[in-house]
Amino acid sequence: MPAPDLAALMAPRGFSDPAASHNQQQAAPALPVPCPTESDVDAMKSSPLTLAPAPRSEAAEKVRAEVREFLTSELEAGTFETHVDTWLSGVDPAFSKKLGERGWLGMTWPSKYGGHERTAQERYAVTEELLAAGAPVAAHWIADRQSGPNLLRYGTERQRAEILPRIAAGECYFVIGMSEPDSGSDLASIRTRATRNQAGDWVVNGSKVWTSNAHHSHYAITLVRSDPPGEGPRGRHQGLTQLLIDLSLPGITINPIRILDGGHHFNEVVFDDVVVPGDMLLGEQGAGWHQVSAELAFERSGPERFLSTLPLLVAFGRLAAETLDPAQLATLGRLSARLLALRQLSLRIAAALDRGELPDLPAAMVKDVGTTFEVDIIDEIRRVVDVVPSLDSDDALARALAEAQLHAPGYTLRGGTNEILRGIVARGLGLR
Ligand SMILES: Cc1cc2nc3c(=O)[nH]c(=O)nc-3n(C[C@H](O)[C@H](O)[C@H](O)COP(=O)(O)OP(=O)(O)OC[C@H]3O[C@@H](n4cnc5c(N)ncnc54)[C@H](O)[C@@H]3O)c2cc1C
């Protein structure tokens, strides 16, 4: 039996493994994936549960090819190695700057803020290629994905003009300052306080936790309680405010929290009488809940919600192609089918963003099934390989398995747990 063409399996219209395609010196043949036309899309408008198909974007395929070529040459030059979950743990400012120079950050933003006025589908192609290659993208990831769009929507002209071009250049990094030691899912219960002093500045006290990459970043968009809660069941949503806090200000302490593999990615950030200039209010005082909800929609909608462990699947696919073991091939087939279906759903979200829709319910659903898939990849592969996971191994599969396993507790928690997402979907459908 001939060896299955792994590249074709994993890369019908995306997901190439740059190292593999470099070795083969051949583009993967396209699988016959049906591609909707513009009129199909018009005929099938989105509803809360039904997203219209994503039309094929020539521009997205063009930039995809450019990114693959770039990644292949960077891998060849040894500037990075493939790892699992690099959008959390792969911090490399030099790599982020290279992406900025190529116009692959701030892609959808207006050019007057350093952006490139490209489509969400083009941005999607860039991000999925970077994730599929396990490239070190964590330094800029939050700023490019959600802080920049948040500033575009709610920032003052001065905030946008000063900060957005630096994000687009890959030089300015952000963190999400939402969770606290006793407030995660129940975000409205946060206790970090901000009061105005006589000069009109904010004085901030409290602490944030699980703050990814605060020790490498410049700003935290921080949710604080600025005013008392209102009355009634949703009263706690009132009196919350977002502040743009420079992480180098006096009174801020950043304490590391290590994850299972010993890596330092997230932190506790303590604010002790930190004086934040009054003009660093983001949006409106008291509108923090509404703004955070919009920010979370960006946080939940991207391909990183099902691709964190893809480098493990690629390493496993190489093994299965070598051994031709029937159990391994069946596992590879099952996981690849799920991957392709998830990708179609996720692409539809990018296309919906291009149409100006707010696909927050589908994004919550895709994140739920996507992060479950990230964990299932590990469990299914472990059942059919005789490989001892090891972070220090020279074997790509053993290393990817160890990395994926040790990061796994976070996949279904970060950005809102799956239980919370299901509650959001139920509410959106009028079921609660
Ligand atoms: C890798 C990683 C990176 C992170 N990075 C950041 C960051 O940069 N910035 C930031 O602000 N936060 C960050 N977080 C925090 C993340 O947003 C929270 O962990 C998450 O919102 C859950 O909150 P919690 O940990 O307090 O758990 P809890 O809210 O205490 O939940 C514990 C369990 O109870 C369940 N549960 C809670 N409430 C309900 C309910 N109403 N119905 C059903 N089940 C419920 C949850 O689903 C969960 O299983 C990160 C988390 C991880 C794992």
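What follows is a look at the overall make-up of this chain, its nonpolar core and the surroundings of its ligand.

The model is a predicted one. Confidence across the protein chain averages a pLDDT of 90, with 89% of residues at 70 or more. The start of the chain is another matter: over residues 1-33, pLDDT stays under 50. Even so, the model has 56 contacts beyond four places in sequence for that stretch.

As for the general build, the protein chain holds 16 helices and eight strands. Of its 432 residues, 48% are buried. Plenty of the contacts reach a long way along the sequence: among those between residues at least 6 apart, 72% join residues at least 24 apart.

Next comes the inside of the protein. The largest nonpolar core takes in 107 residues, and the members touching the most others are V204, L243, L312 and F316. L312 gives a good picture of this. Leaving out residues up to four places away in sequence, L312 touches V84, then I377, I378 and I381, and also A400, L401 and A404.

That leaves the ligand. There are 20 residues around it, and the ones that come nearest are M178, G184, S185, G410 and T417. Two elements, β1 (174-177) and α16 (418-428), each give two or more residues to this shell. On the domain level, both domain 2 (175-288) and domain 3 (294-428) supply at least three residues to the shell. Its chemistry is mixed, with eight nonpolar residues, 10 polar ones and two charged ones lining up around the ligand.

Definitions and conventions
Residues numbered from 1 in each chain as written. Predicted model: local features only at pLDDT ≥ 70, side-chain atom pairs only at ≥ 80, totals over all residues. Near = placed C-beta within 6 Å. Helix = DSSP H or I, 4+ residues; strand = E, 2+ residues; numbered from the N terminus. Nonpolar A, V, L, I, M, F, W, Y, C, P; charged D, E, K, R; others polar. Domains from an automatic or database assignment. Core = buried A, V, L, I, M, F, W, Y, C linked by C-beta atoms within 7 Å. Buried ≥ 20, exposed ≤ 12 C-beta atoms within 10 Å, placed from the backbone. Contact = placed C-beta atoms within 7 Å. pLDDT = per-residue confidence, 0-100.
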